[in-house]
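Biologist: I would like a close look at a single part of this protein, followed by an account of how the rest is arranged. Please keep it plain.

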Amino acid sequence: MPTPLDHATDLLDGFTPYADAQAARYRDAELFRGLPLFAGFDASAESTPDAPAVTDASIDGPRTLTYSELREASLRRAAGFVAAGLRPGERVVLQQNNSLEFVVNLLGLLRARVAPVMTLPAHRITEIAHLAAGAGAVAYIGEDGRRGFDFRDLATELQSRVPAVTQVFVSGDPGPFATAPDADPASVDLPASPNSDLPALFLVSGGTTGLPKLIARTHDDYDLNARLSAEVAKLTADDTYLVALPAAHNFPLCCPGILGVFGVGGHVVFTDNPSPDNTFDLIERHRVTVTALVPALAQLWCAATEWEPADISSLRLLQVGGAKLAHPDAVALDEALGDVVQQVFGMAEGLICYTRPDEPRNLVHEVQGSPMSEFDEVRVVDEEGVDVPDGEEGELLVRGPYTIRGYYRADAHNEKSFTPDGFYRSGDKVTRLPSGHLSVTGRIKDTIVRAGENVAADDVEENLLAHPSVRQVAVVGLPDDALGEKICAAVVLSHDHPPAQPLELATLRMFLADRGLASFKLPDVVRVIRTLPVTAVGKIDKKVLREQLVSTAG
Ligand code: OOB
C-alpha cells in the first residue's frame, strides 16, 4: 500500500494500488521513476526556460508563455490554492475549455498535491454532480459563459446537490464566485514532493453507457504514460502540438499530448474550436507538427483539405483514435496529408496501443496499433475467459504498468470489470496478429437481440459502411412488440448519395444480403439523420441515439 505520509485526508479510501510485487518490478525496470507528475515539465523549465511552452489560441488568447513563465504562473496558482485552504490529497473538479487557464490550474493543483477530477466541458450537472460526489470533491473550478454555456449556473446547482463542494473558482467573469486564486509562492508552504504511488489526478471513463466512473492515475503510472507515448511519437523539443480535442481527455492530455510535449520541452497550442477553418490557420501560423483527433473530426479535416487554403504541410503526425478509424478513411487521410496517420487505441483505464511512424502504411491503415510498453500484458479471451488463438475474435483483457487495478470507490463495478489477478476487462472485442498488433472489432455488449437471435451491431455497421451512400452509421436495437428488439440503422448520407433521393430500406437490405449477411441481421428500419449524437469527446453516443430514435419514432 502507498503510505499516505502527511496526507490527512481520505484520498486512499476506495483506491486500488498496483500490487506490491508488480510495483516493485516496475520500479526496478525504471518504469516508475518516483517523481511527481510535473517533474517532466520542471526539467524542461530548467533546461529551456525561454522556450515557448504554451500558446493560448482560444477565445482567451492569443498569448504565449515560456517555460519559465508558465512555471511561475503555476507556482503562484499552487500557492493560491494552498492559501485558499485546499489540502494535499483533496479532490477538486476541474472543468474548463482548452485554454491557458486550464493548464495553469492543472499544474497548480498538481503542485499543491490536490488531485483534479478531469471532467470535460461537455459534461453537464448529472455527470459533474455524480463525479464530484463520487470523488468526495471539495471544490469546483469552471469558467464563465463566454463559450455559450454558463458554467457558473452549473456550479450553483452543483453546490446545492453536493454540499461538500464548498469552494468554486471561475475563470473569466466570476459572477458570484471567486476567480482562481494566485499568491506569492514565498508566502505559503508548498507541500513537498508527493509520494509518487498516490493518485495524481482522476480521469473519467469514456463509456457510452451509464454514468462515467472515476479512474485514479498515480504520478508514477501517468508519468510513464506520457514518456512512453512521447517516445513512440518520436517527440522532441522541436515539436508543436495542437490541442484540438478537449484537453482533459487522456488522449490530448497524455498520449503524448500536453504532458508528453512538456516532458521534451516542446510547444503546446490550445484551441477551443477544432473545425478545419480555424485549426488549419493555426497549424500554418504555429508550424504545428502533431495533433490528435477522433475519427469523425479527422473525416472533416480530410474533406477540408480540398478547399481550405492554409498550408498544413508542417503536420508530421496525425493521431486518430477514440473510436475505430474506418480503413478507407485512414487511406484517404494519408493521401490528403502525406502519410501522417497514427492509429491510437487507448482507454482512460490505461492500455494505449499505437501504430508506429516507421511501420508499413498498409499495416497502419489496417490495425489500431500495438501496446506501447513491453510490460503490457494483453490477453484475448472467449466468453469462458479462455485465451483464443491469434486471428480469432475475443475480449481484450489487460494488465500493466499504467493500467488501473480498480475504479475509484466502485466495488460493485470492480467485481465485474477486473479479474481476480488484476486484469482489466476492457469490453472491447479485438483480434490479434502474431506480431501483437490489435484490430478492434466491436464492443462485447453491443448486441441486439432480435427475435431471440444475437446480432452484433458492428457486423452490420461495417457492411453498411461499404455502401457508397453511407458516410457514417450506427446500428441500434429499438423496442418492438413482435421481435423484442428491431434493428435500426441510423445513417448519415455521403456526398455521393444523389440529393433529394430517399435512401430506401429495401436497397440497403438487398446490398447487405448480396454481401452475404444473414437475413436476421438485415435492418428492419433505416433512419437518415444529419449527424449522429456524440459523447463529450466526440464518439458516437448510442445511448442518446437510441433515445432520440425512440422519441421520434413515427
Ligand atoms: C480513449 O479513451 P476512453 O477512455 O475515452 O475510451 C476508451 C474506449 C476503448 O475501450 C474503446 O472501446 C474505444 O474507446 N476506442 C477505440 C479506439 N480508441 C478507443 N475503439 C476503436 N478504435 C480505436 N482506435 O478513447 C482514448 C484514450 C487514449 C488515447 C486514445 C483514445
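In which loop is the place of Arg287?

Modeller: This is a predicted model. Arg287 sits in the loop that runs between helix 10 (276-286) and strand 11 (290-293). Its phi is near 50°, a positive value in a residue other than glycine.

Strand 11 belongs to an open sheet of 9 strands, whose order is 2-1-10-9-11-12-13-14-15. In that order strand 11 stands between strand 9 and strand 12, and the pairing in the sheet is mixed. The edges are formed by strand 2 (63-66) and strand 15 (370-371), each of which pairs on one side only.

Towards the strand 2 end of the order, strand 1 (residues 52-56) and strand 10 (residues 267-270) run parallel and are joined by 3 bridges. One residue pair can be named here: Asp56 of strand 1 has Phe270 in strand 10 as its bridge partner.

Two loops contain a cis peptide bond. Gly61 and Pro62 are joined by one, with omega about -5°, and Pro62 is placed in the loop between strand 1 and strand 2. That loop therefore leads from the strand that pairs with strand 10 to an edge strand of the sheet, as the numbering of strands from the N terminus implies. The other cis bond joins Cys255 and Pro256, with omega about -15°. Pro256 lies in the loop between helix 8 (250-254) and helix 9 (257-264).

Turning to side chains, a search of the whole structure gives 30 salt bridges. One of them pairs Glu101 with Arg77, the closest N and O atoms being 3.3 Å apart. Glu101 is in helix 4 (residues 100-111) and Arg77 in helix 3 (residues 67-83), so this pair ties together parts that are 24 residues apart in sequence.

On the scale of the chain, the protein is divided into domain 1 (7-432) and domain 2 (447-552). Arg287 and its loop fall within the bounds of domain 1. The C-alpha centres of the two domains lie 32 Å apart. In the contact between them, 16 residues of domain 1 meet 13 residues of domain 2. The size of an interface is often given as the accessible area lost when the parts come together. For domain 1 and domain 2 the buried area is about 1100 Å², with 58% of it on carbon and sulfur atoms.

The count of salt bridges between the domains is 1. The side chains of Lys429 and Asp458 meet in a salt bridge, at 3.5 Å from N to O. The rule for polar contacts finds 1 residue pair across the interface, with both residues at pLDDT 80 or more. By class, the side of domain 1 that touches domain 2 has 7 nonpolar, 8 polar and 1 charged residues.

Technical notes:
Residues are numbered from 1 along each chain as its sequence is written. This is a predicted model: local features need pLDDT of at least 70, side-chain atom pairs count only at pLDDT 80 or more; totals for chains, interfaces and linings use all residues. Side-chain values use heavy atoms; hydrogens and water are left out. Domain bounds come from an automatic or database domain assignment. Contact means heavy atoms within 4.5 Å. Buried area is the accessible area (1.4 Å probe) that two parts lose on being put together, summed over both. A salt bridge is a side-chain nitrogen of Lys or Arg within 4 Å of a carboxyl oxygen of Asp or Glu. A polar contact is a pair of N or O atoms within 3.5 Å; within protein, one must be able to donate a hydrogen and the other to accept it, and residues adjacent in sequence count only if both atoms are side-chain atoms. Ala, Val, Leu, Ile, Met, Phe, Trp, Tyr, Cys and Pro count as nonpolar, Asp, Glu, Lys and Arg as charged, and the others, Gly among them, as polar. Two strands pair if DSSP finds at least two bridges between them. Helices (H or I, at least four residues) and strands (E, at least two) are DSSP runs, numbered from the N terminus.
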